[in-house]
Amino acid sequence: MNLNLTIKKIDTDVEIVLIKKKKIKENKEVLKNLNFKGNDEECVLLPGLKKLYVGCENSDHDSIRIAVATAVKKLNTTQFKSAYIKVKSNLNAYIDGFELGNYTFTKYKSKQDEIIEKNIYMEVEKIDTNIQKEFEESVSICNSVNMVRDFVNTPPEDFYPAIMANHAVNIAKENNLECKILDEDYLIENNMGSMLAVGRASRHRSKLIHLTYKPSGKVKATAKIVLIGKGLTYDSGGLSLKPADFMVSMKSDKSGGCAVLGIMNTISSLNLPIEVHGIVGAVENMIGGDAYKPDDVLTARNGKTIEVKNTDAEGRLVLADCLCYAQDEIDNIDYMLDFATLTGACVVGVGQYTSGIMGNNHSLMSKIVKSASKSGELATTLPFNRYLKKTLKSEIADISNIASTRYGGAITAGMFLDNFVKDKNKDKWVHIDIAGPAFVESAWGYNPHGASGAGVRLAIEFMKNI
Ligand code: BES
Ligand code: ZN
Ligand code: ZN
């Protein structure tokens with residue numbers, strides 16, 4: 001699909017028209033006869049009139065994204081080669097709808113459907129440098145979201161830590177980023193016993209990925225941002241093995257790490273005056289004779305000891321060492337965000353569409369929630385409290401890797417991570433649990449089944465507003 005901007009109407013195979021609920025202005029009779037009401041995800045194709053009508057419940061950005069994605073899916077069932085749409089405002093929402101709605105993951109189908117390349121013409125009032133910039137930025141962000149979807153959807157046998165590291169190397173090359181790939185020898189030398197333990201039973205060696213973007217030329221960075229991602233290329237649960245039904249889709253446990261790679265893939269195209277570090281702990285959590293065990297006590301890079309009570313609470317063990325690494329290696333951090341499919345409890349608590357935002361700095365957390373909403377993602381805050389904090393106590397080590405209560409699991413996981421954030425960085429850190437939206441079981445909005453690319457748009461929107 002090729003997106004094009006135009007300032008005049010173009011004669012194409014079909015015109016896409018978004019219709020607000022109860023505001024049907026054209027072809028009223030025909031649409032009425034077809035029972036078209038203008039609800040979300042409703043669409044009617046009238047080939048004779050060369051019109052594709054799609055419902056758009058409200059005028060907010062997300063209604064536009066959903067309506068345009070509905071149109072794209074319909075177009076893809078046709079032989080049409082071109083389509084036209086008039087854009088009144090919110091150009092980026094239209095682009096999201098086209099680019100994200102058009103995504104499919106068919107690499108593993110033995111027979112590929114024939115794809116008819118489509119030219120889409122979006123009419124805007126004028127094409128100046130601002131519009132051109134908005135257009136290019138939105139397309140670039142969507143490409144990164146779709147790249148993340150491809151990564152996450154790839155089966156674990158074809159996407160293990162070394163592969164993730166190779167992708168990071170390629171992203172760095174293409175975008176002129178600094179790139180460090182650290183292996184298990186580095187983890188051993190630097191006492192990262194928490195991350196090391198999780199990957200021990202896997203036949204794939206763990207990798208610590210560190211990409212850095214610095215603004216080019218004379219531009220001085222006004223802020224330093226660190227993004228950290230949970231990159232569990234597979235989470236079987238380890239010896240605390242997941243039940244069969246819960247293991248399916250755990251290839252998506254690398255979503256946080258993949259989101260970080262996606263953000264780093266776009267950052268240089270945005271020309272922002274900020275320094276951005278992307279750190280990913282790429283690890284596979286498996287079973288075997290060498291597996292780490294419930295009852296083990298691990299020592300993280302900051303010297304804290306952790307009693308393992310459940311090997312399925314592995315993401316926090318990987319992130320603990322990644323947080324320590326980031327704070328040891330990078331000074332004067334202004335913001336430190338981590339992205340992780342950390343807990344099923346977060347999905348239970350806030351639903352599968354929404355990310356949970358946690359931390360110590362409430363004003364920063366609400367900025368993240370606003371960035372999420374502006375970018376088309378859903379997020380809400382989950383507050384820490386002193387009582388839940390106590391449930392992480394261990395009788396024999398500094399802390400236990402799971403809480404003693406079965407309630408509030410998203411928050412206790414966030415509070416576990418807080419133990420690995422230095423005092424000077426407490427207010428700079430935000431934990432983003434993307435366990436719900438990262439992987440779509442049943443299609444919603446403009447997300448097909450599979451990975452959604454959650455976190456990428458949220459983070460970019462946040463960074464644009466620093
Ligand atoms: N990767 C899972 C969390 C998860 C669950 C992500 C469902 C996406 C969908 C994580 O490693 C995990 O297994 N967490 C446990 C923690 C528990 C053992 C305290 C969970 O949520 O059940
Ligand atoms: Zn787990
Ligand atoms: Zn996990």
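**The interface between domain 1 and domain 2**

Q: How far apart are the centres of domain 1 and domain 2?
A: In this predicted model, the centres of the two domains, taken over C-alpha atoms, are separated by 35 Å.

Q: Which residues supply the most of what domain 1 buries there?
A: L100, Y103 and Y108 do: together they account for 42% of the area that domain 1 buries against domain 2, more than any other three residues.

Q: And where are the domain bounds?
A: Domain 1 covers 2-127 and domain 2 covers 137-464.

Q: How many residues are in contact across the interface?
A: On the domain 1 side there are 16, and they meet 19 residues of domain 2.

Q: What area do the domains bury between them?
A: About 1,600 Å² is buried, with 60% of it on carbon and sulfur atoms.

Q: Turning to charges, how many salt bridges cross the interface?
A: The rule finds one.

Q: Which residue does D96 pair with in a salt bridge?
A: D96 pairs with R457, and their closest N and O atoms lie 3.4 Å apart.

Q: How many residue pairs are in polar contact between the domains?
A: Eight residue pairs are counted, with both residues at pLDDT 80 or more.

Q: Which helices supply the side of domain 1 that touches domain 2?
A: Helix 2 (61-75) and helix 3 (91-101) each provide at least two residues of that side. The largest share, six residues, comes from helix 3.

Q: How do the residues of that side divide by type?
A: Eight are nonpolar, six are charged and two are polar.

Technical notes
Residues are numbered from 1 along each chain as its sequence is written. Chains are lettered from A and ligands numbered from 1 in the order in which they are written. This is a predicted model: local features need pLDDT of at least 70, side-chain atom pairs count only at pLDDT 80 or more; totals for chains, interfaces and linings use all residues. Side-chain values use heavy atoms; hydrogens and water are left out. Domain bounds come from an automatic or database domain assignment. Contact means heavy atoms within 4.5 Å. Buried area is the accessible area (1.4 Å probe) that two parts lose on being put together, summed over both. A salt bridge is a side-chain nitrogen of Lys or Arg within 4 Å of a carboxyl oxygen of Asp or Glu. A polar contact is a pair of N or O atoms within 3.5 Å; within protein, one must be able to donate a hydrogen and the other to accept it, and residues adjacent in sequence count only if both atoms are side-chain atoms. Helices (H or I, at least four residues) and strands (E, at least two) are DSSP runs, numbered from the N terminus. Ala, Val, Leu, Ile, Met, Phe, Trp, Tyr, Cys and Pro count as nonpolar, Asp, Glu, Lys and Arg as charged, and the others, Gly among them, as polar.
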